[in-house]
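What follows is a walk through one protein model, taken element by element. Please keep the sequence and the coordinates open while reading.

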Amino acid sequence: MTIIDTHAHLYDFPNADDVLRDSAAAGVSDVVALGVDLASSKKHIEIVEQLQNDSPPLVGGGRGMQVHLALGLHPGNIQTDHIDATFLFFLEELRRFNLRSSNIVAIGEAGLDFWYKWVRQDDAKKNEQRVVFQRHLDLAREFDLPIVVHCRGAWRESLGMIKAAHVKKAVFHWYSGPVDVLKDILDAGFLISGSLALEYSPEARQAVEYAQIDRILVETDTPVRGATPKDVWRSFKALCQIKGIDEDKALAVVNANARAFFNIEE
Ligand SMILES: [Zn+2]
């Protein structure tokens, strides 16, 4: 019994190796590590390169735990004078890797967050977020990769941008927006993910209650609230409890969802 953590940030751990080993022992087979800016994306690439040199593999037996990468500039991490350098790096990395054999599986974490205090009343900051999100969507489209979306307070606009960009795969991570937008997200063929917020947040719980199980991924958003990737089991158990579904059946479905979405081999 293994599970995939589809959304984690590993760059701030002084020893990511230990965190991953601990999660591997708890049955986590794969982690999708999302960068939020240039430095964190570089750090994740280092972590993956180090893992590949690890022998024996991090998990006993089989293929070992795998860490997959997503490159992104989070709306909360935008620094105006760093944007171009960040995207130049993303573009070089995407070209450098042969995508099929590389660990880059997605673009993100990216999106619109109009709830930040410094953004709420500032149209220029909102516009900057839009421009940056659009650049991610262009990359997702060009390299045919899924996009992992962070969104608060601009759900419908984010969905509109994704559709207009003709990006094929999108997941609204930690979805806590309104149900009418969620309906349109699902109608467009996109996914949502449920985090540890499924244990306590009425909005997050309502979203997974509404969405069909084959459109849901599970995640931790490590290190939020002290989580590490193994806590994805908690998100998963909360999901099963909310939906009143059998854990064995649900596990097969959420793992298949994650594999199909990120193109991760078993
Ligand atoms: Zn995140």
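Helix α7, residues 179–187, and helix α8, residues 202–210, have axes that come within 11 Å of each other and cross at roughly 40°. Angles under 35 degrees count as roughly parallel and those from 65 to 115 as roughly perpendicular, so α7 is oblique to α8. The crossing of these two helices is right-handed. On the α7 side the contact is made by Val179, Leu182, Lys183 and Leu186, and on the α8 side by Gln206, Ala207 and Tyr210. By class, the residues of this contact of α7 with α8 divide into 5 nonpolar, 1 polar and 1 charged. The model is a predicted one, and everything described here should be read on that basis.

A second helix pair can be described in the same terms. The axes of α1 (residues 16–25) and α2 (residues 38–53) come within 11 Å and cross at roughly 60°. Here too the crossing is right-handed. Ala16, Asp17 and Leu20 are the α1 residues in the contact, and they meet Ile47, Gln50 and Leu51 of α2. The residues of the contact of α1 with α2 comprise 4 nonpolar, 1 polar and 1 charged.

Next comes the sheet. It is open, has 8 strands in the order β1-β2-β3-β4-β5-β6-β7-β8, and its pairing is parallel. Its edge strands are β1, residues 3–8, and β8, residues 216–218, each of which pairs on one side only. From one strand to the next the twist averages 30°. In general, the strands of a sheet pair through backbone hydrogen bonds, in either a parallel or an antiparallel sense.

The pairing can be followed strand by strand, starting at β2. Strand β2, residues 28–34, pairs with β3 in the parallel sense over 5 bridges. Within that pairing, Ala33 stands opposite Leu69 of β3. Strand β3 also pairs with β4 in the parallel sense, over 3 bridges, and there the bridge partner of Leu69 is Ile104 in β4. Leu69 is thus matched with Ala33 and with Ile104. As for solvent exposure, β3 is mostly covered, with 5 of its 6 residues buried.

Further along, β4 (residues 104–113) and β5 (residues 147–152) pair in the parallel sense over 5 bridges. One of the matched pairs is Leu112 with its bridge partner Cys151 in β5. Strand β4 also holds Glu109, and the peptide bond from Gly108 to Glu109 is cis, with omega near 20°.

What lies across these strands? Helix α5, residues 123–142, lies across β3 (66–71), β4 and β5, and runs at about 160° to β4. One residue of α5 is Leu137. Buried or exposed? Leu137 has a relative accessibility of 0%, and it therefore counts as buried. Not counting residues up to four places away in sequence, Leu137 touches Ile147, Met161, Ile162, Ala165 and Val167. Phe89 is 48 residues from Leu137 along the chain, and the C-alpha atoms of the two are separated by 16 Å.

Ser158 belongs to helix α6, residues 155–164. Which residues does Ser158 touch, not counting those up to four places away in sequence? They are Leu112, Phe133, Cys151 and Phe172. Leu112 and Cys151 are the bridge partners met above. The relative accessibility of Ser158 is 0%, so this serine counts as buried.

Some backbone details in the loops remain. The loop between α5 and β5 contains Asp144, whose phi is near 50°, a positive value in a residue other than glycine. The loop between β8 and α9 (232–243) contains Pro223. Pro223 is joined to Thr222 by a cis peptide bond with omega of about 5°. Asp221 is also found in the loop between β8 and α9, and it has a positive phi of about 55° although it is not a glycine. Its relative accessible area is 8%, and because the cut-off for buried is under 20%, Asp221 is buried.

Terms used: Residues numbered from 1 in each chain as written. Predicted model: local features only at pLDDT ≥ 70, side-chain atom pairs only at ≥ 80, totals over all residues. Heavy atoms only, no water. Axes fitted to C-alpha atoms, helices over the stretch in contact; angles between N-to-C directions. Helix = DSSP H or I, 4+ residues; strand = E, 2+ residues; numbered from the N terminus. Left-handed = near helix turned anticlockwise from the far one by under 90°. Contact = heavy atoms within 4.5 Å. Nonpolar A, V, L, I, M, F, W, Y, C, P; charged D, E, K, R; others polar. Pairing = 2+ DSSP bridges. Buried < 20%, exposed > 50% of the residue type's maximum accessible area, 1.4 Å probe, protein only. Parallel < 35°, antiparallel > 145°, perpendicular 65-115°, else oblique.
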